[in-house]
Amino acid sequence: MAGDTAVVMDFVLDRVPVAEETQRLETQLVYTASVTAKRVSRVLQFAAKRLPKLEGIEHVKRVKRIAVNPEDPCRNPGLLQVVLCQCSKITRAQLDATVEADAELQMSAAKEEEDGTLRITTHRVPSTAPCTRAQFDEWRALWPVAYRPLSQLKPPVFGAQERAYVCRSLELVVQMCEESRVLGTQCAEFVVVANPVTQADVAQSADRTAVDRHPLRHAVMCCIAMVAETETKKVLTDCDESIKGKIQPSDAATTTTATDPLSSLVPAKRSASSAVSNNEDALSSSDGGYLCEGLDVFASREPCTMCCMALVHSRIGRLFFIEPRREDGGISYHSIHSLKALNHHFTAFQCTQAK
């Protein structure tokens with residue numbers, strides 16, 4: 001896999017790469033003008049004022065230095081290549097007419113004793129921004145581009161305590177599968193939801209589609225329903241205490257105690273940086289606003305597309321699964337954990353037992 005790998009005791013964790021990591025170089029044509037350094041500023045002003053704006057290729061740098069041919073150093077001395085606009089936005093005839101009609105551009109050329117006609121050519125530039133170092137090296141060989149690595153691509157770091165917690169949760173999932181085989185139920189999907197802050201189990205369930213005769217009773221959906229039921233009981237308990245006068249009404253929705261068993265089920269809100277770096281101390285003190293915000297999900301099998309979307313809506317922090325799906329995997333096939341169109345992303349790991 002293209003993602004990062006971490007060894008956690010008896011398991012090898014491969015971070016499932018996001019879609020951007022596997023993208024190949026795609027290009028599009030742009031108009032460029034070869035000018036001297038003195039005219040770069042004026043040409044850029046002309047492009048900003050008179051030509052269509054660049055759309056979708058903001059990562060492309062506007063100016064490129066033309067390499068000097070060592071065999072003929074006087075051919076293009078000190079020339080720079082400036083991106084004018086995308087070829088898909090305007091025809092060459094329209095571009096030439098716009099250049100000729102710009103009096104300021106012609107006047108600036110006359111002052112510098114240069115030919116007012118721009119030497120316009122077409123050039124291919126990367127259509128997408130690079131997100132890995134290898135992509136950046138390949139992209140910039142074609143044209144200079146900006147490089148901003150995605151935050152979720154940082155290598156996973158697990159402390160000693162967290163390694164034990166992850167290994168214990170994965171072993172619990174494996175144990176549930178083994179017990180299923182012994183009992184002859186042959187259920188292939190088991191899920192454990194755990195709190196990475198307290199390292200306590202929140203919910204666990206097997207696939208119940210056959211038992212309940214309901215197509216939506218997947219293991220992930222059952223666990224989310226359990227968390228929802230727990231949260232409902234917690235809110236009702238707080239409301240009852242408020243009514244009885246044990247606590248003030250204004251504090252009913254936010255007051256919890258360290259000994260309250262329900263308060264440890266849903267973690268404090270995990271920030272985006274802590275979800276990536278796995279820093280145990282980088283958690284906010286404010287309560288989470290979603291059912292499974294920041295929780296870890298451990299699955300014996302990769303969740304399907306429906307379950308992965310439920311995990312996105314529930315705002316989980318990380319997903320660990322053992323067996324991948326061949327065709328309809330929500331992670332390996334559809335990359336739901338990193339789709340740009342969605343407003344939440346989480347880190348996914350495929351886990352294999354070390355031999």
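How many salt bridges does a search of the whole structure find? The search turns up 17. Keep in mind that this is a predicted model, so everything below is computed from predicted coordinates.

**The chain overall**

The chain has 8 helices and 13 strands. Of its 355 residues, 44% are buried. If you take the contacts with a separation of 6 or more, 67% of them join residues 24 or more positions apart.

**The seven-stranded sheet**

Let's start with an open sheet of 7 strands, which runs in the order β1-β2-β13-β12-β11-β7-β8 and has mixed pairing. Its edge strands are β1 (5–8) and β8 (201–206), and each of these pairs on one side only. On average, neighbouring strands here are turned by 20° against each other, direction ignored. As a reminder, strands of a sheet pair through backbone hydrogen bonds, either parallel or antiparallel.

Toward the β1 end of that order, β2 (residues 11–15) pairs with β13 (residues 347–353) in the antiparallel sense, over 5 bridges. If you want a specific pair to click on, Arg15 has Phe349 of β13 as its bridge partner.

Now for β7 (residues 190–194), where 5 of 5 residues are buried. Phe190, Val192 and Ala194 point one way from the strand, Val191 and Val193 point the other way, and all are buried. On one side, β7 pairs with β8 in the antiparallel sense over 5 bridges, and Val193 has Ala203 of β8 as its bridge partner. The β7–β8 hairpin has 6 residues between the strands, and Gln199 takes a positive phi near 60° there. β7 also pairs with β11, again in the antiparallel sense, this time over 4 bridges. In that pairing, Ala194 stands opposite Asp296 of β11.

**A helix with two faces**

Helix α2 covers residues 92–101, and its buried residues are Leu95, Thr98 and Val99. Seen down the helix axis, they fall within an arc of 100°, so they line one face of α2. The other side of α2 carries exposed residues: Ala93, Glu100 and Ala101.

**Salt bridges**

Back to the charged pairs. Here are three of them, with their N to O distances.

| Positive side chain | Negative side chain | N to O distance |
|---|---|---|
| Lys89 | Glu55 | 3.0 Å |
| Arg217 | Asp212 | 3.0 Å |
| Lys233 | Glu229 | 3.6 Å |

The Lys89–Glu55 salt bridge links distant parts of the chain: Lys89 is in the loop between β5 (79–86) and α2, Glu55 is in the loop between α1 (40–50) and β4 (63–65), and the two are 34 residues apart. Lys89 has a relative accessible area of 39%, so it is partly exposed.

In the Asp212–Arg217 pair, Asp212 counts as partly exposed at 31% relative accessibility, and Arg217 counts as partly exposed at 30%.

Lys233 and Glu229 sit in one helix, α6 (residues 219–243), 4 residues apart, or about one turn of the helix. Both ends are partly exposed, with relative accessible areas of 47% for Lys233 and 45% for Glu229. Elsewhere, salt bridges that share partners join Glu189, Arg301, Arg325 and Asp328 into one network.

**A buried charge without a partner**

Which side chain of opposite charge is nearest to Glu302? That would be Arg325, 6.0 Å away; Glu302 is buried yet has no salt bridge. Glu302 lies in the loop between β11 (296–301) and α8 (305–314). Leaving out residues up to four places away in sequence, Glu302 touches Phe321, Glu323, Pro324, Arg325, Gly329, Gly330, Ile331, Ser332 and Tyr333.

**Ile336 and its surroundings**

Gly330 also shows up among the contacts of Ile336, a residue in the loop between β12 (318–323) and β13. Is Ile336 buried or exposed? With a relative accessibility of 3%, Ile336 counts as buried. Again leaving out residues up to four places away in sequence, Ile336 touches Thr305, Cys308, Met309, Val312, Gly330 and Leu342. For a distance check, Ile336 and Met306 are 30 residues apart in sequence, with their C-alpha atoms 9.9 Å apart in space.

Notes. Residues numbered from 1 in each chain as written. Predicted model: local features only at pLDDT ≥ 70, side-chain atom pairs only at ≥ 80, totals over all residues. Heavy atoms only, no water. Buried < 20%, exposed > 50% of the residue type's maximum accessible area, 1.4 Å probe, protein only. Arc of directions from axis to C-beta. Pairing = 2+ DSSP bridges. Axes fitted to C-alpha atoms, helices over the stretch in contact; angles between N-to-C directions. Lys, Arg positive; Asp, Glu negative; His and termini not counted. Salt bridge = Lys/Arg side-chain N within 4 Å of Asp/Glu carboxyl O. Contact = heavy atoms within 4.5 Å.
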